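Subject: Structure for your review

Dear colleague,

Please find below the structure I promised to hand over. My notes on what was found in it follow directly afterwards.

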Amino acid sequence: MSKMAKIKKPSLAVDLAGLQLRNPVMPASGTFGYGQEFAPYLDLEQIGAVMTKGISLRPKAGNPTPRIAETASGMLNAIGLQNVGIDLFIRDKVPYLETLTTPVIVNFFGNSLDEYIKVAKRLSELPAVDAVELNISCPNVKQGGIVFGTEPGAAAEVVSSVRRCLNKPLIVKLTPNVTDITVMARAVEDAGADVISCVNTLTGMAVDIHKRRLHLANGTGGLSGPAIKPVALRMVYQVVQAVEIPVIGIGGIMTAEDALEFLLVGAQAVQVGTANLVNPGAMADIVTGIETFCRNQGIEDINDWIGSLDQ
Amino acid sequence: MQDLKTVILHNREIAPGYFRMAILAPGYPQQALPGQFIMLRVQANSQPLLRRPFGIFKTGTLPAECSGMPEREFVELVYKVVGIGTQLMSTLQRGDEVELLGPLGQGFTLDKTATEHLLVGGGIGLVPLFMLAETLCRRGDRVRLLVGGRSRDDILAITEFERLGVETYVATDDGSLGEEGLVTAVLERKLNKYPQAAVYACGPTLMLNAVRSICHRQQVALQVSLEALMACGVGACLGCVVPGHQHSEDDPDYLCTCRQGPVFDADELKWPEGGPEGGE
Ligand SMILES: Cc1cc2nc3c(=O)[nH]c(=O)nc-3n(C[C@H](O)[C@H](O)[C@H](O)COP(=O)(O)OP(=O)(O)OC[C@H]3O[C@@H](n4cnc5c(N)ncnc54)[C@H](O)[C@@H]3O)c2cc1C
Ligand SMILES: Cc1cc2nc3c(=O)[nH]c(=O)nc-3n(C[C@H](O)[C@H](O)[C@H](O)COP(=O)(O)O)c2cc1C
Ligand code: FES
């Protein structure tokens with residue numbers, strides 16, 4: 001009682017490769033638009049960071065519809081990385097992001113090494129962008145479509161090339177669709193990643209027996225939401241053990257308890273994805289829930305909780 | 001736009017498989033515009049995970065009661081049970097909690113020049129047309145509702161339209177109410193009689209496609225309210241897009257149904273042979 005009563009406001013601040021976050025909760029790319037869409041429902045100054053949709057060199061139209069399908073405790077999406085492209089992003093979206101004091105992280109991708117490098121250079125020039133997140137779950141068109149993030153050599157090459165032309169923290173986002181995620185994690189760490197975020201969606205499929213078709217026009221889609229949490233948690237745990245750099249945990253986080261689980265196994269921060277779609281105020285509830293938990297447990301600083309698994 | 005944790009005021013079956021649900025919704029009578037929609041979360045767990053979109057049928061205020069109950073503003077939905085979400089909704093009762101996100105999207109644009117209006121609804125597609133009829137009638141315009149459905153059980157709420165002063169015309173596939181046949185046949189006749197009318201339509205894709213070709217041929221203004229599979233309803237996931245009029249294989253142009261719609265000017269959309277793509 002005595003100790004608990006003393007903690008008025010626990011400190012939730014975390015450091016992510018030099019980036020100071022007021023708390024460890026941020027959106028996952030593609031579930032938060034460009035930030036502004038959520039301003040009516042959520043105080044963007046209350047979350048740890050803002051994360052944009054994935055940006056590419058040129059505008060991308062994305063896949064035909066249907067693009068989404070609900071599954072047991074989750075959803076499949078095959079949006080196809082629709083985005084406005086770097087030029088329109090800078091013209092139309094950055095001015096709003098500049099007004100925020102919350103750190104802004106821009107997620108980006110390419111279909112060739114060259115595209116990755118070009119976008120990275122543009123992002124380097126933008127003072128409003130505090131860090132970038134590299135999505136390597138994309139096919140390399142020049143190499144027969146093999147996904148950068150599933151082959152350690154290709155992943156290392158794109159990470160080191162981007163690292164060389166970037167003047168801010170580099171987060172590398174891993175795909176779970178590999179045999180051993182620790183191999184990929186070590187490869188991108190050695191290539192110069194400052195932070196690893198994991199996981200992206202798990203490739204899945206849904207079938208409509210009445211129409212005798214696949215639900216998604218694209219055939220396959222990425223599974224997200226509570227259904228993937230146990231898999232994501234296992235992978236985050238493994239990656240934390242495998243590398244020295246900080247790890248951001250992603251996958252099926254809906255509540256403060258879910259976030260606390262990822263932090264406990266060693267994630268330095270978490271990203272919330274599908275939960276934003278279900279409840280646009282989800283991250284505010286998660287931050288409040290973490291704070292309440294810390295207060296009740298007598299945890300003065302969230303850093304004392306991170307990675308403190310009893311084993 | 002707000003996310004309300006609120007309660008159900010009533011929820012009852014009005015025809016086999018169709019329900020009407022009123023939800024306590026402070027602010028809706030002032031904010032909601034004809035053609036807008038809401039996203040409803042009926043459960044706190046993840047089954048089903050996503051909210052479901054529903055058109056706003058009407059808004060209003062319940063008077064204060066002598067028991068001391070104050071005035072209560074509400075939003076009313078009319079829905080058809082088609083799957084797990086709507087099935088779950090149909091079991092809810094007065095006092096049960098729901099989460100209501102809205103009002104969302106771009107509704108109907110009120111045509112300033114036309115004074116004759118033809119509202120075309122197919123089945124549950126009638127829902128977003130009620131507030132439109134209310135607004136147009138209040139302006140003193142002539143409003144006609146043409147409504148189609150499989151049988152008499154699929155024709156909903158027309159007496160409420162009639163009470164506004166709307167002339168209603170019904171067509172059913174089996175002739176169990178109104179004339180036998182398609183509502184689009186009624187539309188062709190009415191357009192011959194009122195060639196200056198503005199047309200507003202909501203219903204199944206095949207109906208919208210037929211309405212579109214009739215209006216295109218007759219060169220009358222058409223607005224359509226579309227349905228699409230939605231995850232977020234606020235423009236974040238891009239799951240709900242429909243091809244815009246410039247859409248092609250090489251230069252895809254997509255519009256977001258939840259933010260740029262659900263009501264579109266027909267000319268904004270791509271109309272392939274099968275009707276507007278996207279959603280179901
Ligand atoms: C803007 C908008 C307004 C709507 N207004 C109304 C309304 O006023 N009243 C009403 O009854 N319904 C309305 N709908 C449709 C309603 O959202 C769906 O019927 C509902 O989401 C089905 O949920 P479910 O869990 O019961 O069905 P599910 O179990 O999710 O699906 C059952 C079946 O319905 C189909 N389906 C699911 N969602 C949709 C959808 N959005 N559009 C078309 N087919 C779908 C599925 O493909 C499947 O075949 C509206 C949809 C939109 C986008
Ligand atoms: C609709 C949707 C769009 C997404 N778009 C992107 C994207 O553009 N770039 C990216 O790196 N990840 C994208 N993701 C993956 C998420 O950022 C996240 O890694 C994944 O959904 C798992 O987290 P969750 O279970 O909390 O949703 C997307 C996910 C969803 C559901
Ligand atoms: S439903 Fe998510 S963008 Fe429209």
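Residues from which chains surround ligand 2? Both chain A and chain B contribute residues around ligand 2, so the site is shared between the chains. Please bear in mind throughout that this is a predicted model.

The surroundings of ligand 2 comprise 26 residues. The closest of these are A:A28, A:G30, A:G54, A:S224 and A:G273. By character, the shell consists of 15 polar, nine nonpolar and two charged residues.

Turning to the overall build of chain A, this chain contains ten helices and 18 strands. Its radius of gyration is 19 Å, close to the 19 Å given by the globule rule for 311 residues, so chain A is as compact as a globular protein of that length. The C-alpha trace of chain A extends over about 65 × 50 × 40 Å along its principal axes. Of the 311 residues in chain A, 54% are buried. Among contacts in chain A with a separation of 6 or more, 71% join residues that lie 24 or more positions apart.

One sheet deserves a description of its own. It is an open sheet of four strands in chain A, arranged in the order β5-β6-β16-β13 with antiparallel pairing. The edges are taken by β5 (68–71) and β13 (202–205) of chain A; each has a single partner strand, so one side of each is left without a neighbour in the sheet. On average, neighbouring strands of this sheet are turned by 40 degrees against each other, direction ignored. At the β5 edge, β5(A) pairs with strand β6 (residues 74–77) of chain A in the antiparallel sense, over four bridges. Within that part of the sheet, A:A69 has A:L76 in β6(A) as its bridge partner.

The last element I wish to point out is helix α7 of chain A, which covers residues 256–264. Its buried residues are A:D258, A:A259, A:L260, A:E261, A:F262 and A:L263. What do the buried residues of α7(A) pack against? Their partners in chain A include three strands, namely β3 (25–27), β17 (247–250) and β18 (269–272). The buried residues of α7(A) also pack against the helices α6 (229–242), α9 (282–297) and α10 (302–305) of chain A. After α7(A) comes A:G266, which has a positive phi, near 115 degrees.

With kind regards

How values were computed
Residues numbered from 1 in each chain as written. Chains lettered and ligands numbered in written order. Predicted model: local features only at pLDDT ≥ 70, side-chain atom pairs only at ≥ 80, totals over all residues. Helix = DSSP H or I, 4+ residues; strand = E, 2+ residues; numbered from the N terminus. Rg over C-alpha atoms; globule rule 2.2 N^0.38 Å. Buried ≥ 20, exposed ≤ 12 C-beta atoms within 10 Å, placed from the backbone. Contact = placed C-beta atoms within 7 Å. Pairing = 2+ DSSP bridges. Axes fitted to C-alpha atoms, helices over the stretch in contact; angles between N-to-C directions. Near = placed C-beta within 6 Å. Nonpolar A, V, L, I, M, F, W, Y, C, P; charged D, E, K, R; others polar.
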